[in-house]
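Please look over the chain below before reading on. The report then walks through its architecture.

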Amino acid sequence: MRRDYYAVLGVASTAGLREVRQAYRHLARQYSPDVNFWDAQARDLFDEIEEAYRVLSDPAARAMYDRFGHALRDGEALAAGRRGEDVHATVQLAFADVVRGTSLRLEVARFSPCAACGATGVAGDARCPACGGRGVRRAVDPVSVTIPAGVDSGSQIRVPGEGSAGPFGGPRGDLLISTRVQEHPLFGRKGDSVHCEVPISVWEAILGARIRVPTPLGEAALVVPPGTTGGQVFRLRGQGLPKLSGEGIGDLYVTVRVEIPTGLDARTHDLVRELERLIPLAPRTALERYRGGAA
Ligand SMILES: [Zn+2]
């Protein structure tokens, strides 16, 4: 049989916080386990004093206790008015969403104030049957969220005050959104840096060219200098992705791939042979010294 918390502390139900605290300090000293180490009864009494004090010194918990007394389940009074839990959600984003940022409407499963009892947990004179007396009910609510530009897979966005409502009218926790970004067929990324491969013709590689290359935000000009080789990387400053901090844009790295004509007819084949005679090349001279594995 649990004793009334006011009786445990020996105070009137009208006692102020100061009086409650004084009574607690006095009793706690008297029944402290430090003093009464071998006395199991004193320890039980001490636990009872602690519990009574925790509830009666907390205005929200005390109000709950005054209303329901020991009909409350363990910890329920102390949960009164507490902030709700954070709620986690994961969203899938397209690459385009990352470039400009986006707004989404998410269906969030969370606890919300019980409408049947106005979040009080009481309907008439009894526990609210709709929420079991907790003042909150599980529901799926639409929540509008803004995803900033520059998020990556594994980024976490905190939306304050959109998590679960606390029991008995407590404020909401936060909504924590983890993002997953889909792969793009052309653009790879590392943070705010973007990588892509762009083909150029062998003629452009030899002669140089001014070409248009796709960028996350549109396109940009790239000057391919004469004598460019396949695999060469060009950096286009500020053509990558926006930084998540909102300050600045990363770079775009373009790797060129040289396309070689195939299926030559007899005439063009002879022309290339002629070129070979005009421009003799010995590209593997530097490798000679490694022949046979010798260093
Ligand atoms: Zn209710």
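What follows covers the domains, the nonpolar cores, the sheets and two unusual backbone angles.

**Domains**

This is a predicted model. The domain assignment splits the protein chain into domain 1 (5-79), domain 2 (87-181) and domain 3 (188-290). The centres of domain 2 and domain 3, taken over C-alpha atoms, are 48 Å apart. The two domains do meet: eight residues of domain 2 are in contact with nine residues of domain 3. On the domain 2 side of that contact, five residues are nonpolar, two are polar and one is charged.

**Nonpolar cores**

The largest nonpolar core has 29 residues. Within this core, Leu9, Ile49 and Ala52 touch the most other members. Four helices each supply at least two residues: H1 (5-9), H2 (17-31), H3 (40-56) and H4 (59-68). Helix H3 gives the largest share, six residues. Where does this core lie with respect to domain 1 and domain 2? It lies between them, because both domain 1 (5-79) and domain 2 (87-181) give residues to it.

Leu9 shows the packing at one point of this core. Setting aside residues up to four places away in sequence, Leu9 touches Val20, Ala23, Tyr24 and Leu27. Leu9 also touches Ile49, Ala52, Tyr53 and Leu56. Two of these partners, Ile49 and Ala52, are named with Leu9 as touching the most other core members.

A second core is separate and has eleven residues. Val98, Ala205, Val224 and Val254 are among them. In soluble globular proteins, nonpolar side chains tend to be buried together.

**Sheets**

Two open sheets are set side by side in the table.

| Strand order | Pairing | Edge strands | Average angle between neighbouring strands |
|---|---|---|---|
| E8-E9-E13-E12 | mixed | E8 (188-190), E12 (233-236) | 30° |
| E1-E7-E6 | mixed | E1 (87-93), E6 (156-159) | 25° |

Take the sheet of four strands, E8-E9-E13-E12. Which strands stand at its edges? They are E8 and E12, and each has a single partner strand, so one side of each is left without a neighbour in the sheet. Strand E12 pairs with strand E13 (residues 252-259) in the antiparallel sense, over four bridges. Phe234 stands opposite Val254 in E13. Val254 also appears in the second core.

Now the sheet of three strands, E1-E7-E6. Its edge strands are E1 and E6; each has a single partner strand, so one side of each lacks a neighbour in the sheet. Strand E1 pairs with strand E7 (residues 175-181) in the parallel sense, over seven bridges. Val91 stands opposite Thr179 in E7.

**Two positive phi angles**

Ala119 has phi near 70°, a positive value in a residue other than glycine. Ala119 sits in the loop between strand E2 (102-113) and strand E3 (122-123). Is Ala119 buried or exposed? Ala119 has 21 C-beta neighbours inside 10 Å, and 20 or more make a residue buried, so Ala119 counts as buried.

Phe168 is not a glycine either, yet its phi is positive, at about 55°. Phe168 is found in the loop between E6 and E7. Phe168 has 28 C-beta neighbours inside 10 Å, so Phe168 counts as buried.

Terms used: Residues numbered from 1 in each chain as written. Predicted model: local features only at pLDDT ≥ 70, side-chain atom pairs only at ≥ 80, totals over all residues. Domains from an automatic or database assignment. Contact = placed C-beta atoms within 7 Å. Nonpolar A, V, L, I, M, F, W, Y, C, P; charged D, E, K, R; others polar. Core = buried A, V, L, I, M, F, W, Y, C linked by C-beta atoms within 7 Å. Buried ≥ 20, exposed ≤ 12 C-beta atoms within 10 Å, placed from the backbone. Pairing = 2+ DSSP bridges. Axes fitted to C-alpha atoms, helices over the stretch in contact; angles between N-to-C directions.
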